[in-house]
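Hi everyone, thanks for coming. Let's put today's structure on the screen and walk through a few of its parts together.

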Amino acid sequence: MPDLLHAQERDRLLASLRRLLRQVSVDGQPLTGLAQTEESGAPLLTRDNALTAELMAIPALRATDPALADAALGFTAAMMEEVGPAPRGALPPRAPHAEILRAEPRDLRVLTPWHEYTGDLTHGVLRQRLRGDGRDRDVLHTGNMVRLRLQGGVPGLLGRLNLRPGTLDVEDAVTDQGVQAEGTGVVMWHESELHLAPAPGMRVLAGTVRYEYRASAADPVLRLTVILKAGAKAGLASVRLTTALDALSEGAVPFAHLSFGKDGRQTRRADGAFPDDEKVADGPLESVHLWQGGPEEGAVALHIRPRAAESVFSLRVNARGGVPHWVVLRHTVPDVPRGGTVTLREDRLLARGVARGTPEAGLRVMRSLDGLAGRDPGQTAVGAPLVAMASVLLNAPVLNPPVQRDRLARLRDTLDRHLAMLPEEGEGLALPADDLASLVLVMDALWRGGGLPRERRRLRVLLGQLAAAASPEGVIGAGLATHGAAILALARAATLVREPWVEEALRKAILALSPEGTGLAGVNISGPVSTPALAMLLRGLRATELLAGTGAVSPGPAAMERLAAVRDALLGTLSARLRAREERLEVLPGGAGEPDAASIAALLLAVLSPDEVALSIGGVAA
């Protein structure tokens with residue numbers, strides 16, 4: 001199968017990738033990788049570097065630029081050291097302290113390496129967003145209430161006046177607030193006076209409650225401390241404090257999913273619309289996790305860790321339009337003696353990027369913050385990194401300059417550790433379709449590279465799960481990226497698992513595509529499709545075309561006719577996204593946005609011939 005780019009065009013695209021190389025510090029060690037874009041401060045993403053590492057495993061490309069190949073592979077491997085969802089990436093060097101750009105409590109602005117904080121503390125509102133996001137992506141730390149009663153009542157004309165528990169709005173009673181530097185971080189706080197009325201015309205200061213939010217340049221966790229102080233006239237009893245989030249439904253992308261940790265286990269709330277008022281769980285609770293719907297790479301997750309799980313009384317969600325609006329953790333605290341205080345602590349982590357295992361990974365990150373030096377705290381799926389490492393292992397015998405043996409051994413060890421964590425057949429844990437497609441490609445590469453019989457058995461199981469994930473129309477996954485990856489996986493694995501159901505799944509997957517190339521049967525796709533998604537689909541179709549030309553697969557005349565129509569449409573669309581820049585070629589991501597590493601690497605993988613190389617290498621012929 002001929003490459004669809006001349007060597008000169010290929011090298012101009014590689015030059016654009018090379019310009020994205022940056023050096024960062026991760027765990028105190030220097031590490032080189034590709035930044036997402038040329039923009040100053042752009043993160044170095046694991047997925048981008050994995051795509052580039054897979055691309056540079058093509059022998060001709062490694063020979064052209066071994067330094068780029070080694071950098072992308074080294075970055076990918078470093079991010080995959082820990083088993084589980086991979087860190088989303090690394091951050092470029094930033095200020096070693098939190099920057100207080102505006103200290104006015106009514107209109108504060110604070111920057112850390114990870115987040116931007118704004119808000120109006122005079123009304124008890126702290127807004128948080130990821131750096132680079134707009135105001136419509138804010139998370140609001142506000143919406144708090146206090147429920148209490150006076151212990152033993154207070155003196156009155158007719159004896160002691162007893163009070164039933166009263167519920168007070170914290171933000172409506174703010175009397176003091178501030179923004180102050182504290183070490184390498186900053187503390188942003190507001191304090192409210194809590195008044196009760198035991199009788200008409202009588203008003204008693206029951207106490208004060210102070211909410212302190214600490215942000216640091218050392219790690220991305222926002223630390224919340226709530227301090228309740230009883231007044232001088234009586235102690236406090238029947239106390240309920242809240243730690244809340246408000247106005248979540250007003251963001252550009254709502255939080256659609258929720259999970260909570262209890263008794264050492266994570267429980268995911270069944271996906272679906274939230275009622276207007278829902279008691280999600282009773283305490284004690286070890287953690288709460290919310291994350292957005294939509295594409296996983298861009299989804300934002302919020303992880304909450306009460307420092308005293310036993311204090312959590314309940315978790316409630318008030319919804320608007322079926323999505324969370326007000327999320328409230330209610331806490332019980334001991335009675336507070338006259339003039340005494342009680343303190344409640346909670347950690348919060350806002351991060352971008354979710355993957356299977358996001359709640360567990362988020363909680364793990366919050367428990368060992370030492371591993372966050374220089375890292376983006378979000379998660380990304382392990383599929384692309386595992387495929388990249390498997391591709392390097394498969395192609396290693398023909399790579400020049402060669403990859404060192406000890407490095408190959410470490411790659412295989414990392415790969416095996418991640419694969420060992422996958423659910424075994426019969427465990428009943430369904431993997432997402434995009435994970436299945438990636439894992440089929442991993443097992444395909446391992447088997448072709450002289451794998452053991454158990455790897456072929458696992459390949460067949462994963463392939464069966466991928467085929468079973470298809471809709472009646474043959475659609476696999478929720479978009480073109482996953483569907484294209486599934487076509488690629490089915491086509492390659494069909495040469496190893498020569499059973500009719502594999503080719504049938506491949507045939508239906510091709511026929512599920514609309515002839516214009518950007519539609520899927522029964523799937524509503526609105527707006528421009530991203531370049532990486534279109535490129536993945538093109539790659540899958542080209543691999544199928546290659547194998548059909550050799551007789552290795554036979555999807556049938558109708559499927560091949562549809563394949564040709566979609567292939568031509570994709571080539572036209574992707575060609576229009578190329579942009580010449582001096583001696584380089586750049587690739588636009590589709591829709592709005594500047595050229596990025598993922599688009600360049602994905603396009604090159606689609607128009608070069610990585611799968612032809614893979615199918616011709618190793619101990620198993622196509």
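Helix H4, residues 66-79, lies across strands E3, E4 and E27, and runs at about 135° to E4. Keep in mind that this is a predicted model.

So how are the strands E3, E4 and E27 ordered? They form an open sheet in the order E3-E4-E27, with antiparallel pairing. Strand E3 (44-45) and strand E27 (375-380) are the edge strands, each pairing on one side only. Strand E4, residues 86-90, joins E27 through four bridges in the antiparallel sense. If you want a spot to look for, find Gly89, which stands opposite Asp376 in E27.

Next, let's move to helix H9, residues 453-468. With 16 residues at 1.5 Å a residue, H9 should span 22 Å, and its end C-alpha atoms are 23 Å apart, which agrees. Which helices do the buried residues of H9 pack against? They pack against H7 (405-420), H8 (433-448), H10 (480-493) and H11 (500-511). Among the buried residues of H9 are Leu459, Leu462 and Leu466, along with Glu455 and Arg458.

Now the interior. In soluble globular proteins, nonpolar side chains tend to be buried together. Here the largest nonpolar core has 113 residues, and those touching the most other members include Leu415, Val442 and Leu466. Helix H8 gives the most to this core, with 11 residues. Apart from this core lies another one, of 35 residues, including Leu108 and Leu228.

Finally, zoom in on Leu415. Leaving aside neighbours within four places in sequence, Leu415 is in contact with Leu386, Met389, Ala390, Leu393, Val442 and Leu446. Thanks for listening!

Key. Residues numbered from 1 in each chain as written. Predicted model: local features only at pLDDT ≥ 70, side-chain atom pairs only at ≥ 80, totals over all residues. Heavy atoms only, no water. Helix = DSSP H or I, 4+ residues; strand = E, 2+ residues; numbered from the N terminus. Expected span 1.5 Å × (residues − 1). Buried < 20%, exposed > 50% of the residue type's maximum accessible area, 1.4 Å probe, protein only. Contact = heavy atoms within 4.5 Å. Core = buried A, V, L, I, M, F, W, Y, C linked by side-chain atoms within 4.5 Å. Pairing = 2+ DSSP bridges. Axes fitted to C-alpha atoms, helices over the stretch in contact; angles between N-to-C directions.
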